[in-house]
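Visitor: I should like to take a close look at a single part of this model. Please begin with one residue and its contacts, and then work outward to the elements around it.

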Amino acid sequence: MKILVIEDEKKIASLIRKGLEAQGFVVDVCLQGDDGYALATSRPYDALILDIMLPGRDGLSILRNIRERKIPLPVILLTARAELNERLEGLNLGADDYLTKPFFVEELIARLHAVTRRATGAQQSILEVGDLAMNLITREVTRGGVPIELAPREFNLLEHLMRSPGRVLTRVQICEQVWDYHFDPGTNLVEVYIQRLRKKVDAGAAVKLIETIRGVGYRIKPSS
Ligand code: CA
């Protein structure tokens, strides 16, 4: 999931970034309102974490403009304790939730999962390929009913493969989608993670689900 954070307090912004990245989110941080608004309206994000008092365009004006343009982006407002009127106005303008500073990043993550779940409520929450199943809400993965423990990036990589069984993802696509690298890092990062996934998902299984397509990339074998 890709999250945009518009927050001018560097310390808070960096805490949010660290906390979310540790959970496998891809995070863009903007410290200024006008740049933040430009990003929010030009790139696809799964959610926006939006401070109210910002240099440049303020948070409420960003929110108002996003809603006027009917951009279906879940928004969580960050508010100071004293900003009661702003908080109410924000909710009226279509914010999905708010958090009062100071807050725990864990709380923010829980709210993020809740608002993005609501936003994608129509989508299925369980991906299945053969006897491999992934629950996108509880983040549980099982093969033949046996739980598999995955690190956040491993989960993201497997999710991308499972979303389109049979489709080959190139190394570059995987770098972009899972690591948000818009360049080839020139390392064997992807290979390393594919190996880890194979150990956890395919080791000991009669059918190997993760396939290498020589010279192209990787895919998950579609169920026959
Ligand atoms: Ca601020």
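Guide: **Glutamate 211 and its surroundings**

Leaving aside residues up to four places away in sequence, glutamate 211 touches Arg198, Gly217, Tyr218, Arg219 and Lys221. The model is a predicted one. Glutamate 211 belongs to strand E11, and it counts as buried because its relative accessibility is 17%, where the limit for that class is under 20%. Two of the contacts are polar and run from side chain to side chain: one joins glutamate 211 to arginine 219 at 2.7 Å, and another joins glutamate 211 to lysine 221 at 3.3 Å.

Strand E11 (210–213) is an edge strand, as is strand E10 (169–170), and each of them pairs on one side only. The sheet to which they belong is open, has 3 strands in the order E10-E12-E11, and is paired in the antiparallel sense. Between E10 and E12 the antiparallel pairing extends over 2 bridges. Leucine 169 has tyrosine 218 of E12 as its bridge partner, and Tyr218 is also among the residues that glutamate 211 touches. Helix H6 lies across E10 and E12, and runs at about 70° to E12.

From here the description passes to the nonpolar interior. The largest nonpolar core has 27 residues, and those with the most contacts inside it are Leu132, Leu158 and Ile220. At least two residues of this core come from each of several elements, including helix H6 (152–163), helix H8 (189–202) and strand E12 (217–220). Strand E6 (126–129), strand E7 (132–135) and helix H7 (171–179) likewise each supply at least two. Leucine 132 touches both Leu158 and Ile220, and its other contacts include Leu127, Val141, Ile148, Met162, Val201 and Leu209, not counting residues up to four places away in sequence. Thr142 and Arg143 are also touched by leucine 132. A second, separate core of 20 residues includes Cys30, Ala40, Ile52 and Leu63.

One further site deserves mention, namely that of the calcium ion. Its protein donors are Asp8 (OD), Asp51 (OD) and Met53 (O), which lie 2.1 to 2.3 Å from the ion. Along the chain these donors follow the spacing D-x42-D-x1-M. Aspartate 51 is buried, since its relative accessible area is 4%, whereas methionine 53 is exposed because its relative accessible area is 55%.

Methods. Residues numbered from 1 in each chain as written. Predicted model: local features only at pLDDT ≥ 70, side-chain atom pairs only at ≥ 80, totals over all residues. Heavy atoms only, no water. Core = buried A, V, L, I, M, F, W, Y, C linked by side-chain atoms within 4.5 Å. Buried < 20%, exposed > 50% of the residue type's maximum accessible area, 1.4 Å probe, protein only. Helix = DSSP H or I, 4+ residues; strand = E, 2+ residues; numbered from the N terminus. Contact = heavy atoms within 4.5 Å. Pairing = 2+ DSSP bridges. Axes fitted to C-alpha atoms, helices over the stretch in contact; angles between N-to-C directions. Polar contact = N/O pair within 3.5 Å; in protein donor to acceptor, adjacent residues only side chain to side chain. Donors = N, O, S within 2.8 Å, 3.2 Å for Na, K, Ca; no water.
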